[in-house]
Amino acid sequence: MTNRDDTIVPPEGFKSDVVWLPKLFLKSPIIEGVRFEQCRLIGPGVMALLGELTVINCTFPGPAEAFLWEIPDNRPQVFGAMGFRDCEFIGCVFDSSLGVAGPRALLQTLMSATEPR
C-alpha cells in the first residue's frame, strides 16, 4: 500500500492506499460517490453512512457492537461525524480508531459483507 498525502479526493477514488479519513474532510463535510478499494482506513473518527452503500470483503477491528452506532431513522441530522454518501468499500481494512454510524438497514448491509479481525 502507498500513502496518499493530498486533501482532495481523486476522481478515480482510492486503491491500495493508507487513507487518513479526517484529512479528506478539510474541504467538505460529506464525501460522495467515492470508491475505496483494498485500502486501510484510519481515524480517529466516526463515519456516518448516508445513502446507498457497497461493502465487499472488508475487515473490521472486532465485534459489531464495539464499533457500530445505530442512528434512529427519525433523526433528521447528525453533526460531528464524517459523512460518506453512496460510497463503495471493496476489500478494505477499517482501523480500530474508527466508529461507524448509520441507520439500521445500512449497518445490516455493512455487517453482512464484512468479517471481524
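How confident is the predictor in this chain? This is a predicted model, and its pLDDT averages 86, with 89% of the residues scoring at least 70. Below you'll find the shaky and solid parts, then the largest pocket, and then a strand called β12.

**Confidence along the chain**
- Among the elements, strand β5 (residues 35-37) comes out on top with a mean pLDDT of 97, while strand β1 (residues 2-3) sits at the bottom with 43.
- Go easy on residues 1-7: pLDDT stays under 50 there, although the model does give this stretch 21 contacts beyond four places in sequence.

**The largest pocket**
- The largest pocket holds about 340 Å³ of space.
- Its lining is made up of 19 residues, and A48, L50, Q77, V78 and G83 are the ones nearest the centre.
- Two elements, β7 (45-56) and β10 (82-90), each give two or more residues to that lining.
- β7 supplies the largest share, with 3 residues.
- By residue type, the lining splits into 13 nonpolar, 4 polar and 2 charged.

**Strand β12 and its partners**
- Is β12 (residues 98-102) mostly covered or mostly open? It's mostly covered, with 5 of its 5 residues buried.
- That goes for both faces: L98, V100 and G102 are buried on one side, and G99 and A101 on the other.
- β12 pairs with β7 in the parallel sense, over 4 bridges.
- Strand β9 (residues 68-70) also runs parallel to β12, joined by 3 bridges.
- A101 is a handy residue to look for: A48 is its bridge partner, and W69 stands opposite it too.
- You've already met A48, since it's among the residues nearest the centre of the largest pocket.

Methods. Residues numbered from 1 in each chain as written. Predicted model: local features only at pLDDT ≥ 70, side-chain atom pairs only at ≥ 80, totals over all residues. Heavy atoms only, no water. pLDDT = per-residue confidence, 0-100. Contact = heavy atoms within 4.5 Å. 1 Å grid on protein atoms, 1.4 Å probe; cavity = no way out; pocket = protein on both sides within 12 Å on 5 of 7 lines; lining within 4 Å. Points joined across faces, edges and corners; volume = space filled by probe spheres on them. Nonpolar A, V, L, I, M, F, W, Y, C, P; charged D, E, K, R; others polar. Buried < 20%, exposed > 50% of the residue type's maximum accessible area, 1.4 Å probe, protein only. Pairing = 2+ DSSP bridges.
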